[in-house]
Amino acid sequence: MDQASIDALRAAPVAAFGHWINGASVPASDGQAMEVQSPIDGTVLTTVARGTRADMDAAIAAARATFEDGRWASQAPAARKKVLMRWADLIDAHALELAVLGVRDNGTEISMALKAEPGSAANTIRYYAEALDKVYGEVAPTAGDVLGLIHKEPVGVVGAIIPWNFPLMIGAWKLGPALAMGNSVVVKPAETASLSLLRMVELAYEAGLPPGVLNAVTGEGAIVGEAMGLSIDVDVLVFTGSGTTGRRLLDYAARSNMKRVYLELGGKSPNIVFADTPDLDNAAKVTAAGIFRNAGQVCVAGSRLLVEASIHDDFVSAVARHAEAMRVGDPLSLDTAIGAVNSAPQLQQNLDFVATARAEGGQVVTGGKQVRKETGGFYMAPTIVTGVAPGATLAQREVFGPVLAVTPFDAEGEAVRLANGTIYGLAGAVWTSNLSRAHRMVRAVRTGVMHVNTYGGADGTVPLGGVGQSGNGSDKSLHALEKYINLKTAWIKL
Ligand code: NAD
């Protein structure tokens, strides 16, 4: 991928996008559209349909009808596999186009988007396509006069609600296994990052997915998202986003058909550095990348640095040095390390968190301010705050921005208590050269994924899911398939 190819795509006009319902791109039923503002420079890129409740109902009805008529669910697994493999290939073939479109919409730096978005989405879809004809039912160990069979059936209609930080990667984590298991799907992308996902849905139809099996409805969460949550025709709801919305989805399920709800929520992940870390400068560099890439808008970001007191000052200086070397710049430039914050309100929220941290006694070592204002876009300098007390707002609440909270500790037990002292449990890391301590920490920290002597990079072969108020259920790996199947018992008297 070279800069010239990116620059050729960056200026291309973007046509208005409709929903995808029943295999066709359609406008909102009342004709309303929402402007799409680019966080790169604040300009209006295009419009997407502003969905109505009737639009969501139509998409769910299409999904339900296609599930009932078996046009996808009843196909031979090999046939479904072929379509999904073709879809993955098309995503790869259109990788640059998808990545640039996504970056113009959500502001992620292109170097990260190229890796994390189309490439990862294609790999995920391929992974579940390859898996789908290896999922067997079971024969139960019964007495001789009966036969107990356990069938694994698709759940029916899956509703997927996606956030704005990685629409393709996270979208594929849901759509890949859901479609592989024979379900029909309705997906609702985030208001501020719909475009690349809509284009990826279009490619699914190009790959031969039967009309109506995968539908996409854009619009406001409080309208179309709520309509999906309250629908009695959605069997399973899969969600990635904030805890506030996750709570609402549980309420919608309770008030409608008690659909299963799987939530991938936020985190305040502890990155724990002991003085015996093998290469402290590398640890500092990875620590900076682990919180500042994509302007901190990463669910597993290591947003709390817990550092052994004896190395606190030197280590914080090293992280600050690496942070300051990360160029905040044009998201479509290949040498930019940190792109734009997704929206003006998100930027303001980040700055408000820094102001609160200062008021609560934190010291801003670097950053703490908006930059590149002259572009009209939304940018923030990577920010490190030291002296963050364990109970302070910055130690307890997810910012979802480029802000690192630093707290020192003296002993292993204290590090564990600090690490576990929030409502979250999504990710974390321990840095040490002591193998026993590494294993002890992996066991002791309550979290879905624990890194050792690294941060991030876990691939699709391992699950990602939270504990506590970071969610339930997992994306990625074969374990994700469990969300998209029902177990049915056949008990047969012989
Ligand atoms: P959000 O909850 O505001 O929005 C997520 C989605 O929910 C959007 O599509 C939005 O339109 C929809 N939504 C909003 N209100 C709704 C409602 N009332 N009913 C139904 N749907 C509604 O979250 P966000 O700001 O887009 O994303 C950031 C959050 O996502 C952070 O908390 C981050 O940690 C989390 N996240 C988690 C993971 C993970 O794997 N655990 C991954 C990425 C992001």
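**Questions on the ligand and the sheet**

Trainee: What makes the pair formed by Thr 245 and an oxygen atom of the ligand a polar contact?

Mentor: A polar side-chain atom of Thr 245 lies 2.7 Å from that oxygen atom, and a polar contact is a pair of N or O atoms within 3.5 Å (within protein, one must be able to donate a hydrogen and the other to accept it, and residues adjacent in sequence count only if both atoms are side-chain atoms), so the pair qualifies. The backbone contributes too, with a polar atom of Ile 162 at 2.8 Å from a ligand oxygen and one of Gly 221 at 3.3 Å from a ligand nitrogen. Taken alone, the ligand exposes 840 Å², of which the protein buries 91%, the areas coming from the Shrake-Rupley method with a 1.4 Å probe.

Trainee: What do these values rest on, and how are residues numbered?

Mentor: This is a predicted model, in which local features need pLDDT of at least 70 and side-chain atom pairs count only at pLDDT 80 or more, while totals for chains, interfaces and linings use all residues. Residues are numbered from 1 along each chain as its sequence is written, and side-chain values use heavy atoms, leaving out hydrogens and water.

Trainee: Why is Thr 383 called buried?

Mentor: Its relative accessibility is 0%, and buried means under 20% (exposed is over 50%, partly exposed in between, with a 1.4 Å probe and protein chains only), so Thr 383 counts as buried. Thr 383 lies in strand S17, and a polar atom of its side chain is 2.7 Å from the backbone nitrogen of Gly 368. Beyond its neighbours within four places in sequence, its contacts (heavy atoms within 4.5 Å) include Phe 292, Val 354 and Leu 404.

Trainee: How do you know that strands S12 and S13 pair?

Mentor: Pairing requires that DSSP finds at least two bridges between two strands; S12 (residues 270-273) and S13 (residues 304-308) are joined by 4 bridges, so they pair, and they run parallel. Strands are DSSP runs of E of at least two residues, and helices are runs of H or I of at least four, numbered from the N terminus. One bridge sets Pro 270 opposite Arg 304 in S13.

Trainee: What makes S14 and S20 edge strands?

Mentor: The open sheet of 7 strands has the order S14-S17-S18-S13-S12-S19-S20, with mixed pairing, and S14 (363-366) and S20 (449-452) each pair on one side only. Helix H11 (residues 312-325) packs on this sheet, touching S17 among other strands, and its direction makes about 165 degrees with that of S17, on a scale from 0 to 180 degrees between N-to-C directions of axes fitted to C-alpha atoms, for helices over the stretch in contact.
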